[in-house]
Amino acid sequence: MKALILVGGFGTRLRPLTLSFPKPLVDFANKPMILHQIEALKAVGVSEVVLAINYQPEVMLNFLKDFESKLGIKITCSQETEPLGTAGPLALARDKLIDDSGEPFFVLNSDVISEYPLKEMIAFHKSHGGEASILVTKVDEPSKYGVVVMEESTGKVEKFVEKPKLFVGNKINAGIYLLNPSVLDRIELRPTSIEKEVFPKIASEQKLYAMVLPGFWMDIGQPRDYITGLRLYLDSLRKTSPSRLAAGSHIVGNVIVDETAKIGEGCLIGPDVAIGPGCVVESGVRLSRCTVMRGVRVKKHACISSSIIGWHSTVGQWARVENMTILGEDVHVCDEIYSNGGVVLPHKEIKSSILKPEIVM
Amino acid sequence: MKALILVGGFGTRLRPLTLSVPKPLVDFANKPMILHQIEALKAVGVTEVILAINYQPGLMLSFLKEFEQKLEIKITCSQETEPLGTAGPLALARDKLIDGSGEPFFVLNSDVISEYPLREMIEFHKSHGGEASIMVTKVDEPSKYGVVIMEETTGKVEKFVEKPQIFVGNKINAGIYLLNPSVLDRIELRPTSIEKEVFPKVAADQKLYAMLLPGFWMDIGQPKDYITGLRLYLDSLRKKSSAKLATGSQMMGNVIVDDTAVIGDGCLIGPDVAIGPGCVIESGVRLSRCTVMRGVRVKKHACISNSIIGWHSTVGRWARVENMTILGEDVHLADEIYSNGGVVLPHKEIKSSILKPEIVM
């Protein structure tokens, strides 16, 4: 089976992290974002993943060669020369997605984190016999999204309503599709929207079905949702593989710590914390609701919450870092500094406190 | 003869431009910053230039291979693995700078733009017979800099005073040196400051001489000074090679326009404007005190002043761009937008006005 992952462009919403790596390679819960998806696809028998990108293919391909051999899965890139929207890339990658097997192929949006119930989705797709299946997820405020209106019992999709003013339903497109090769005949090689142009046609022919995504779902393409997403992900890990979470008297709630990280005495870590490879968390540190990327050193008595600390950065002694502070790669926050929502570009030293949210370039 | 150019690090003060290319390769008056210096060095017989860098050597070397052939000068990099300050890099590059000829070598700071009176400096150095010569320049507010105290007649340097509280003199280090190889014996391979540690010792031995830099001088390492620097540079060009400046009824004051740029009807361009290769300036555009980098399109009736428009960006029709707006590479300002000091990172589209100076990431 094959899969296409819509990687897209510049990842500007996840800056400053994406100033150092293309977005799919930004770590989430100690693993590159895209690896979560590739592993889920491999687990259901996908043998080839095509990445639809329009930026920095070489950086991506180098990195992915590593995973290709480790995972035993083929990974290629399909590069747009002009932005093709959410459907155009499928047409561009047509030759890679269609083999003679006639099997359906997956399409995933690279910003999505979820439990990836792909085996169930394959079964669902076979059972309804339609042309396309999509996963939908329930949200509290559907008016901000594209709502999918469907027959509850069969899942057959009636229509899509963009940002509805009145309540028409609370299920939105989760960005995970399983499509028959015939769907490709509906997509021209030009900028096209899968939600606005392709799916509505399939729905009108009664051939589009939606399955409600069990478990969590998050679009982690921006820092606030990245942090919420980590909470949901670790929550899910607690239920499915609790041995992967850290345990100990200094751990509170769900925490994931890479084997190669070191944590000093008297720390209090958690809830909802990810500590990456090679990190050094010195003694007396408090971490909550934050991600500490590869190679970071957090010095004694520092206190970090609701923030993301980028690769190889350091946080000084007694520093207080909170409220959506995002430190890019190689950022050094001096001792006793306070950062209230500072967003700091790579290779910077912070020698004076950031009292209100601002970008430091 | 040889020369060392201190390129240094990440160029964070010139972001967002330096998010796309390393600082020495950022264009100034339609030519990469470092090329201004390399050409001046070549003109006085320097055969080898060593770039002391600590970031992105791969990118620099690729670009410079091109210049190596065009200019017929050898260009190499000397890469610091830890920051070595302003003198340490000389020790690191020792073997490249000393060739047995006993000739002095130049050291330049890569952020400096000036008239580079290097031939006069060679004469000066020979005539005083000391160990080191430095260029100094007059400034209005010396208290912000390191002031050089010298004997007016001979130029012999008595001492350096960092940021003097009372007036002691108004000449500061211009960042251009001509040094005998023996100076290298004074520098250890560790982080060292040439102004604080090395030169004061040479001065105490009565062997350091300073020459007053005729003409303009500017440290263009940050946007405001980059813009002032362009004015000074074009002013100097007016005196020396006015044929390089653009003429015509649409031009006002000093303007430099690349051969491959296209300018429409009814424009008013200048003063102090640089328009780069492949730019398209549509009709009715007003440009003053700004730089428009390679491949930019400025649409009809737009008005840009005191700003820098990065490579391949577009400025929409009737847009008004002023007050130190800096657009990074591939930034697209929609029609009728107002930008008052917006600083925009690469690959962004600006669809609503920026009313006060801020960073858009």
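**Figure 1. The nucleotidyl transferase annotation on chain B.** In this predicted model, UniProt's unreviewed entry assigns "domain: Nucleotidyl transferase" to residues 2-233 of chain B. Helix makes up 29% of that stretch of chain B and strand 28%. If you pick out the end C-alpha atoms of residues 2-233 in chain B, you will find them 25 Å apart.

**Figure 2. The matching annotation on chain A.** Chain A also carries the UniProt annotation "domain: Nucleotidyl transferase", again from an unreviewed entry, over residues 2-233. Here, too, the chain is 29% helix and 28% strand, with 25 Å between the end C-alpha atoms.

**Figure 3. The C-terminal annotation on chain B.** The next stretch to look at is residues 252-360 of chain B, where the unreviewed UniProt entry places "domain: Mannose-1-phosphate guanyltransferase C-terminal". How much of this stretch of chain B is helix, and how much is strand? Helix accounts for 0% and strand for 46%. The end C-alpha atoms of residues 252-360 in chain B are 32 Å apart.

**Figure 4. Where the two domains of chain B meet.** The domain assignment divides chain B into domain 1 (2-219) and domain 2 (226-359). Their C-alpha centres are separated by 31 Å. At the contact you will find 16 residues from domain 1 of chain B and 26 from domain 2 of chain B. Together the two domains of chain B bury about 1800 Å², with 72% of this area on carbon and sulfur atoms. Which residues of domain 1 of chain B lose the most area to domain 2 of chain B? They are B:P16, B:L17 and B:N30, which together give 32% of what the domain 1 side buries.

**Figure 5. Where the two domains of chain A meet.** For chain A, the assignment gives domain 1 as 2-219 and domain 2 as 227-359. The C-alpha centres of these two domains of chain A lie 31 Å apart. Contacts link 17 residues of domain 1 of chain A with 25 residues of domain 2 of chain A. About 1600 Å² is buried between the two domains of chain A, 73% of it on carbon and sulfur atoms. A:P16, A:L17 and A:N30 provide 34% of the area that domain 1 of chain A buries against domain 2 of chain A, more than any other three residues.

**Figure 6. The contact between chain A and chain B.** Each side of this contact can be followed residue by residue: 14 come from chain A and 14 from chain B. The area buried between chain A and chain B is about 1300 Å², and carbon and sulfur atoms give 66% of it. On the chain A side, the residues that lose the most area to chain B are A:R15, A:H347 and A:M361, with a joint share of 50% of what that side buries.

**Figure 7. A parallel sheet in chain A.** Five strands are worth tracing here: the open sheet of chain A has 5 strands in the order β16-β19-β22-β25-β28, with parallel pairing. Strands β16 (268-269) and β28 (338-340) of chain A are at the edges, each with a single partner strand, so one side of each has no neighbour in the sheet. Within the sheet, 2 bridges connect β22 (residues 303-305) of chain A with β25 (residues 320-322) of chain A, and these strands run parallel. To see the register, look for A:C303, which is opposite A:R320 in β25(A).

**Figure 8. Nonpolar cores, with a close look at B:L51.** The largest nonpolar core has 95 residues, and B:L51 and B:F106 touch the most other members. Beyond its neighbours within four places in sequence, B:L51 is in contact with residues including B:I5, B:V7, B:I34, B:M60 and B:L64. Also among the contacts of B:L51 are B:I75, B:T76, B:C77 and B:S78. A second, separate core has 40 residues, among them A:A3, A:L41, A:V46 and A:F124.

**Figure 9. The surroundings of B:K74.** Strand β5 (residues 74-79) of chain B contains B:K74. With a relative accessible area of 45%, B:K74 is partly exposed. Setting aside residues up to four places away in sequence, B:K74 touches B:T47, B:E48, B:V49 and B:E68. The C-alpha atoms of B:K74 and B:M211 are 28 Å apart, while the two residues are 137 residues apart along the chain.

**Figure 10. A:S69 on its helix.** Is A:S69 buried or exposed? A:S69 is exposed, as its relative accessible area is 60%. A:S69 belongs to helix α2 (residues 57-71) of chain A. From A:S69 to A:S47, 22 residues apart along the chain, the C-alpha separation is 12 Å.

Note on methods:
Residues are numbered from 1 along each chain as its sequence is written. Chains are lettered from A and ligands numbered from 1 in the order in which they are written. This is a predicted model: local features need pLDDT of at least 70, side-chain atom pairs count only at pLDDT 80 or more; totals for chains, interfaces and linings use all residues. Side-chain values use heavy atoms; hydrogens and water are left out. Two strands pair if DSSP finds at least two bridges between them. Helices (H or I, at least four residues) and strands (E, at least two) are DSSP runs, numbered from the N terminus. UniProt positions are given in the numbering used here, feature names are shortened, and annotations may be inferred rather than shown by experiment. A nonpolar core is a set of buried Ala, Val, Leu, Ile, Met, Phe, Trp, Tyr and Cys residues joined through side-chain atoms within 4.5 Å. Buried means under 20% relative accessible area, exposed over 50%, partly exposed in between (1.4 Å probe, protein chains only). Contact means heavy atoms within 4.5 Å. Domain bounds come from an automatic or database domain assignment. Buried area is the accessible area (1.4 Å probe) that two parts lose on being put together, summed over both.
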